[in-house]
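Colleague: I should be grateful for a close look at a single part of this structure. Please treat the charged side chains and what surrounds them in one connected account.

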Amino acid sequence: MTPSLTLTSGIGWNSSSLFSKYEFLPEFIVKRNLSVHSKLNCNKFPQACVATTSEPLLVKAARGQPVSRPPAWMMRQAGRYMAAYRKLAEKYPSFRERSETTDLIVKISLQPWEAFHPDGVIIFSDILTPLPAFGVPFDIEEVRGPVIQSPIRDEDALKALHPIDLEKLNFVGESLKILRNEVGDKAAVLGFVGAPWTIATYIVEGGTTRTYTTIKSMCDTSPHVLQALLSHLTEAITEYIVYQIKSGAHCIQIFDSWGGQLPPHMWERWSKPYIKQIVDAVRKKCPEIPLVLYINGNGGLLERMKETGVDVIGLDWTVDMADGRVVRCAGPRGHILNLGHGVLVGTPEEAVAHFFEVAKNFNFDAQVTEEAKLVV
């Protein structure tokens with residue numbers, strides 16, 4: 001395991017990531033007022049959307065505030081490398097049951113918290129979880145992974161879409177509330193969504209793909225259909241993000257996992273505008289909440305990612321932190337420790353424990369003092 005001082009998150013079918021705050025991004029500014037335009041009742045969830053005097057270390061780092069040590073957590077920190085997870089998965093073999101049942105979501109999400117006490121606790125879920133709530137049913141097969149029996153590729157298929165029904169995602173909201181109560185401000189509760197382009201790849205292709213042939217063809221052959229799909233997804237994802245925040249999430253990660261499959265000029269047209277719409281809309285309703293953007297294979301998109309307006313930019317494991325213009329490549333402002341590849345299956349739990357122990361014993365002030373002694 002090779003550590004890097006970065007911010008990470010990762011749930012999905014094939015994602016690995018590193019994240020770091022850019023020095024050329026504006027620091028996150030805490031605003032006390034809530035938008036009166038919010039469709040959801042903020043008073044029901046007084047702990048969310050409101051800055052508190054005692055906030056998790058990860059939230060402070062995501063906002064660009066100085067911290068004494070790098071907050072640490074791991075992508076895939078709740079997963080098959082843990083014996084407790086494997087035992088539970090044997091009892092509940094269906095991934096959708098595990099990720100759509102409140103008790104199981106909470107139990108799995110808290111397994112690494114109870115074992116290692118990371119600085120971030122991400123909800124156990126999937127970027128495809130909200131699809132049935134706006135008209136796109138899907139199954140998950142053991143070998144093929146997610147399968148959408150009725151892909152959307154023409155105007156008639158668009159008719160199946162409807163506004164997101166958040167009641168059908170009650171298990172997500174309830175899980176986040178419980179997680180927030182369980183960890184309090186001792187760790188950040190992390191929610192996440194898929195970006196419109198990434199979600200659209202599954203809906204158009206009918207599942208996972210290595211070539212993205214159909215959706216890339218639609219960019220030229222049926223741009224109006226693709227635009228309509230992306231616009232609908234943008235509205236649904238925006239509401240889903242706000243719902244997660246109101247339910248207790250401290251931070252939200254936007255996964256454009258397959259945005260890196262597009263050349264920069266195409267990402268500029270088919271992904272960036274929709275992400276920016278989401279960021280702008282969420283910021284009006286919950287301006288205090290840090291938003292993170294991650295793209296798998298994002299080396300050629302770093303400058304464009306900044307233009308979406310997110311608070312934190314994700315660097316995948318192939319990007320040198322210096323290329324990302326990170327302050328001193330790792331320092332006391334805006335960095336969160338993680339792994340570029342996440343926790344791989346077969347990783348000893350003792351190694352994970354050691355990772356967090358080293359992270360928690362690190363101190364930026366002590367490091368500066370030690371370096372000063374060496375210079376003298």
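Modeller: In this predicted model, K306 has a relative accessibility of 27%; because exposed residues must exceed 50% and buried ones fall under 20%, K306 counts as partly exposed. Its salt-bridge partner is E303, and the closest N and O atoms of the pair are 4.0 Å apart. That distance is just admitted, because the criterion asks for a nitrogen within 4 Å of a carboxyl oxygen. E303 is likewise partly exposed, at a relative accessible area of 35%. Both K306 and E303 belong to helix α12, where three residues, about one turn of the helix, separate them. In general, an α-helix has 3.6 residues a turn, so residues three or four places apart point the same way. Side chains of opposite charge can pair when their charged atoms come close.

Helix α12 spans residues 302–306, and the loop that leads from α12 to β9 (312–315) contains T308. T308 has 0% relative accessibility and therefore counts as buried. A polar atom of the T308 side chain lies 2.7 Å from the backbone oxygen of M305. Setting aside residues up to four places away in sequence, T308 touches W267, K272, I275, K276, V279 and L293.

One of these contacts, K272, leads back to the charged groups. The side chains of K272 and E268 form a salt bridge with an N to O distance of 2.5 Å. K272 is buried, at 11% relative accessibility, whereas E268 is partly exposed, with a relative accessible area of 28%. The pair does not stand alone: a network of salt bridges links E268 and K272 with R304 and E307.

E268 also lies within the range of helix α10 (264–270), one of the elements that cover the buried residues of α8. The others named there include α7 (196–205) and α9 (223–247). In α8 itself, residues 213–221, the buried positions are I215, M218 and C219. These three span an arc of only 110 degrees around the axis, which means that they share one side of α8. On the face turned away from that buried side, α8 carries the exposed residues D220 and T221.

For the structure as a whole, the search finds twelve salt bridges. Among them is the pair R96 and E100, whose side chains meet at 2.8 Å, N to O. R96 is partly exposed, with a relative accessible area of 22%, and E100 is partly exposed too, at 23%.

Definitions and conventions
Residues are numbered from 1 along each chain as its sequence is written. This is a predicted model: local features need pLDDT of at least 70, side-chain atom pairs count only at pLDDT 80 or more; totals for chains, interfaces and linings use all residues. Side-chain values use heavy atoms; hydrogens and water are left out. Helices (H or I, at least four residues) and strands (E, at least two) are DSSP runs, numbered from the N terminus. Buried means under 20% relative accessible area, exposed over 50%, partly exposed in between (1.4 Å probe, protein chains only). A polar contact is a pair of N or O atoms within 3.5 Å; within protein, one must be able to donate a hydrogen and the other to accept it, and residues adjacent in sequence count only if both atoms are side-chain atoms. Contact means heavy atoms within 4.5 Å. The arc is that of the directions from the helix axis to the C-beta atoms.
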